[in-house]
Amino acid sequence: MADKIINVNDTEQIINLFGTYDENINMIQRQYDVVVLSRGTDIKISGSEENVNKAAQAIEALMKISKTGERVTGQTIRYVTSMVSDGRAEQINELIGDGICVTATGKIVRPRTVGQKKYIDGIKNNTIVMGIGPAGTGKTYLAVAMAAKAFKAHEVNKIILTRPAVEAGEKLGFLPGDLQEKVDPYLRPLYDALFEMFGAENFSKYMEKGIIEVAPLAYMRGRTLEGSFIILDEAQNTTSEQIKMFLTRLGNDSKMVITGDVTQIDLPDSKGSGLIEAMKVLRNVDDIYIHKFNEKDVVRHKLVQDIVKAYEKYNNERRK
């Protein structure tokens, strides 16, 4: 048996680490087969020497995250323990630092995985970025956060968000209302993210002035988008012609982020995904960065990560 003491010096961080009814610390105890006790501002870990060292690495990494004001959750623990298992615990330091922006409610938006951090850095350093990955990896949310940051810093004059209005089991014609009302359901996730970043009053004001524009992809044809932060969401549902049309709208002093999940293509079988083609065509073009998320970057409910992994395993077996 081995023991290790970690001095925290902040009871609030210990409360954050242990979680409601000790649910967080119980996850760590089960993961590493150790006993973790809180004694004042000290945390004592007991167990085999190897397991104690791994648990200590995980707890120290979680403490660094907790110092940023981030709430420690089950997802945070699963991610940190997986990084420890991969021998990459030191990379957690990349997540410590200033946030991307502050939401209307005062929440600081930060990357929560190393994959998300690389995505954010890619957006900072490139004119066009493609974020490819499964549901729940924060592709769209982080892109909108970066757009809000650029706008607030006067780096762009306008934010444009668009996505193809491709049916996933429903036909547009059966939806009630005029064309704008028909396509609004497709654009709802974009509205939600913008609403969180700017708040109700500012969002409405910017929409009325045309500073924020949320529109179907078809509305982009024939335009040159200058001084804008442009996000194309659900790009896996674009055709080759549509994504080429979109990419060539790029004007001076603008930035583009294209997000998509190539495992969720809703196009008819006869049409190939423009996103998949664009990834191949543009992979060696300077100032275009292609970032691929994986299941470790999923920051939603644990089951979302499990579902993504299960489908990946199933598809790999089918290919074999």
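The legends below accompany several close-up views of a predicted model.

**View 1. Three strands make an open antiparallel sheet.**
Welcome to the first stop, where the strand order reads E1-E3-E2. Strand E1 (2-7) and strand E2 (35-39) form the edges, each pairing on one side only. From neighbour to neighbour, the strands of this sheet are turned by 20° on average, direction ignored. Strand E3 (residues 42-47) pairs with E2 in the antiparallel sense, over 5 bridges. If you would like a register mark for this pairing, look for Leu37, which stands opposite Lys44 in E3.

**View 2. Helix H3 packs on the three-stranded sheet.**
Here we keep the E1-E3-E2 sheet in the frame and add helix H3, which spans residues 49-67. Which strands does helix H3 touch? The helix has contacts with E1, E2 and E3. Its direction makes about 15° with that of E1.

**View 3. Six strands form an open parallel sheet.**
Following this sheet across, you meet the strands in the order E8-E7-E9-E10-E6-E11. The edges belong to strand E8 (212-216) and strand E11 (288-292), and each of them pairs on one side only. The twist from one strand to the next averages 15°. At the E11 edge, strand E6 (residues 128-132) is the partner, and the two pair in the parallel sense over 5 bridges. A handy residue pair to locate here is Ile132 and Lys292, with Ile132 standing opposite Lys292 in E11.

**View 4. Helix H6 lies across four strands.**
Helix H6 covers residues 139-152. The strands that helix H6 lies across are E6, strand E7 (158-163), strand E9 (228-232) and strand E10 (255-260). How does helix H6 run relative to E9? The angle to E9 is about 170°. Helix H6 also carries Phe151, the residue to keep in mind for the ring views further on.

**View 5. Asn24 is a buried residue of helix H2.**
Helix H2 runs over residues 23-32, and Asn24 has its place there. Is Asn24 buried or exposed? Its relative accessible area is 3%, and since buried means under 20%, Asn24 counts as buried. The Asn24 side chain reaches the backbone oxygen of Leu17 at 3.3 Å. Leaving aside residues up to four places away in sequence, Asn24 touches Asn16, Leu17, Phe18 and Gly19, together with Val72, Thr73, Gly74 and Ile77.

**View 6. Phe151 and Phe198 form an edge-to-face pair.**
The structure holds 6 aromatic pairs, and this view shows one of them. A pair of aromatic rings is described by the distance of the centres and the angle of the planes. Why is the pair of Phe151 and Phe198 edge-to-face? The ring centres are 6.0 Å apart and the planes stand at 80°, and planes over 60 degrees apart count as edge-to-face. The pair links distant parts of the chain, with Phe151 in helix H6 and Phe198 in helix H7 (residues 179-198), 47 residues apart. Phe151 and Phe198 are both buried.

**View 7. Tyr206 joins Phe151 and Phe198 in a ring cluster.**
Tyr206 pairs with Phe151, the ring centres lying 5.2 Å apart. Their planes are at 70°, so this pair is edge-to-face. Tyr206 sits in helix H8 (residues 200-209), 55 residues from Phe151 in helix H6. Phe151 counts as buried at 15% relative accessibility, and Tyr206 counts as buried at 15%. Ring pairs thus link Phe151, Phe198 and Tyr206 into a cluster.

Methods:
Residues are numbered from 1 along each chain as its sequence is written. Side-chain values use heavy atoms; hydrogens and water are left out. Two strands pair if DSSP finds at least two bridges between them. Axes are lines fitted to C-alpha atoms, for helices over the stretch in contact, and angles run from 0 to 180 degrees between N-to-C directions. Contact means heavy atoms within 4.5 Å. Buried means under 20% relative accessible area, exposed over 50%, partly exposed in between (1.4 Å probe, protein chains only). A polar contact is a pair of N or O atoms within 3.5 Å; within protein, one must be able to donate a hydrogen and the other to accept it, and residues adjacent in sequence count only if both atoms are side-chain atoms. Rings of Phe, Tyr and Trp (its six-membered ring) pair if their centres lie within 6.5 Å; planes under 30 degrees apart count as stacked, over 60 as edge-to-face and the rest as tilted.
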